[in-house]
Amino acid sequence: MDFGSAKIAKVMIEDRKMANRVQDEAAEHCSMPYRAPELFDVKVNSEIDEKVDIWSLGCTLFCMAYGQSPFEMTINQQGGGTLSLAILNRQYSIPNKSLYSNLLQDLISKMLIVDPQDRPTVHQILQELVSFK
């Protein structure tokens, strides 16, 4: 595990200076293939919260299932492109011959929603996991 990016869960971005600082810290401490889209272009008057961890968890689960992060896989399959654009545009796909259930694939897909407002909370993820039984 890489805990170099561990930070306070909720940070209100009040001005451009703070936005730049958070963005620079993310670039320095967060592995790009697992970095949430909101950390690539931090907006003033936005809130960075635990939804970045939900995104990273989705990337991690995808990697555990398919051997590489979803966006690296896309770039490798397309023969090029930039990782940041693949992330910002949510360019990934589940491999055709998936060994995993539609439930797991749907859960990963929900975690990889670009807009953090639409991404599930940890409580919603846990509720879905209960239904896997």
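**Exercise 1.** Classify Leu129 by relative accessible area, then place the residue in a helix and in a surface patch.

*Solution.* Step 1: Leu129 has a relative accessible area of 36%, so the residue counts as partly exposed (buried means under 20%, exposed over 50%, partly exposed in between; 1.4 Å probe, protein chains only). The model is a predicted one, in which local features need pLDDT of at least 70 and side-chain atom pairs count only at pLDDT 80 or more, while totals for chains, interfaces and linings use all residues. Residues are numbered from 1 along each chain as its sequence is written, and side-chain values use heavy atoms, with hydrogens and water left out.

Step 2: Leu129 belongs to helix H6, residues 122-130 (helices are DSSP runs of H or I with at least four residues, strands runs of E with at least two, numbered from the N terminus).

Step 3: Val122, Leu126 and Leu129 make a nonpolar surface patch of about 240 Å². Patches take residues with over 30% relative accessible area and no salt bridge, joining like charges within 9 Å and nonpolar side chains (Val, Leu, Ile, Met, Phe, Trp, Tyr) within 5 Å. Accessible areas come from the Shrake-Rupley method with a 1.4 Å probe, and for residues only the protein chains shown count as cover.

Step 4: An α-helix has 3.6 residues a turn, so residues three or four places apart point the same way.

**Exercise 2.** How many salt bridges does the structure hold, and which parts of the chain does the pair Glu50 and Lys10 link?

*Solution.* Step 1: The total is four salt bridges (a side-chain nitrogen of Lys or Arg within 4 Å of a carboxyl oxygen of Asp or Glu).

Step 2: Lys10 and Glu50 form one of them, with the closest N and O atoms 4.0 Å apart. The pair links distant parts of the chain, 40 residues apart: Lys10 is in the segment before strand S1 (11-13), and Glu50 is in the loop between strand S2 (46-48) and helix H2 (51-66). Both ends are partly exposed, Glu50 at 30% and Lys10 at 48%.

**Exercise 3.** Is the pair Arg119 and Glu38 buried or exposed, and which parts does the pair tie together?

*Solution.* Step 1: The closest N and O atoms of the Arg119 and Glu38 salt bridge are 2.9 Å apart. Because Arg119 is in the loop between helix H5 (102-111) and H6, and Glu38 in the loop between helix H1 (16-29) and S2, the pair ties together parts that are 81 residues apart in sequence.

Step 2: Arg119 is buried at 1%, and Glu38 is buried at 12%.

Step 3: For contrast, take the salt bridge of Asp41 with Lys43, whose closest N and O atoms are 2.4 Å apart. Asp41 is partly exposed at 38%, as is Lys43 at 46%.

**Exercise 4.** Lys51 has no salt bridge; find what its side chain reaches instead.

*Solution.* Step 1: Lys51, in helix H2, is buried, and the nearest side chain of opposite charge, Asp49, is 5.6 Å away (Lys and Arg count as positive, Asp and Glu as negative; His and the chain ends are not counted).

Step 2: The Lys51 side chain reaches the backbone oxygen of Pro116 at 2.9 Å.

Step 3: Beyond neighbours within four places in sequence, the contacts of Lys51 are Glu38, Pro116, Gln117, Arg119, Pro120 and Thr121 (contact means heavy atoms within 4.5 Å). Glu38 and Arg119 are the salt-bridge pair of the previous exercise.

**Exercise 5.** Describe the surroundings of Ser69 and of the helix H3.

*Solution.* Step 1: Ser69 sits in the loop between H2 and helix H3 (70-78). Its relative accessible area is 0%, so Ser69 is buried.

Step 2: Not counting residues up to four places away in sequence, Ser69 touches Pro33, Tyr34, Phe62 and Cys63. The side chains of Ser69 and Glu72 share a polar contact of 2.9 Å (a pair of N or O atoms within 3.5 Å; within protein, one must be able to donate a hydrogen and the other to accept it, and residues adjacent in sequence count only if both atoms are side-chain atoms).

Step 3: In H3, the buried residues are Pro70, Phe71, Met73, Thr74 and Ile75, and their cover includes H2 and H4. Just after H3, Gly79 takes a positive phi of about 80 degrees.
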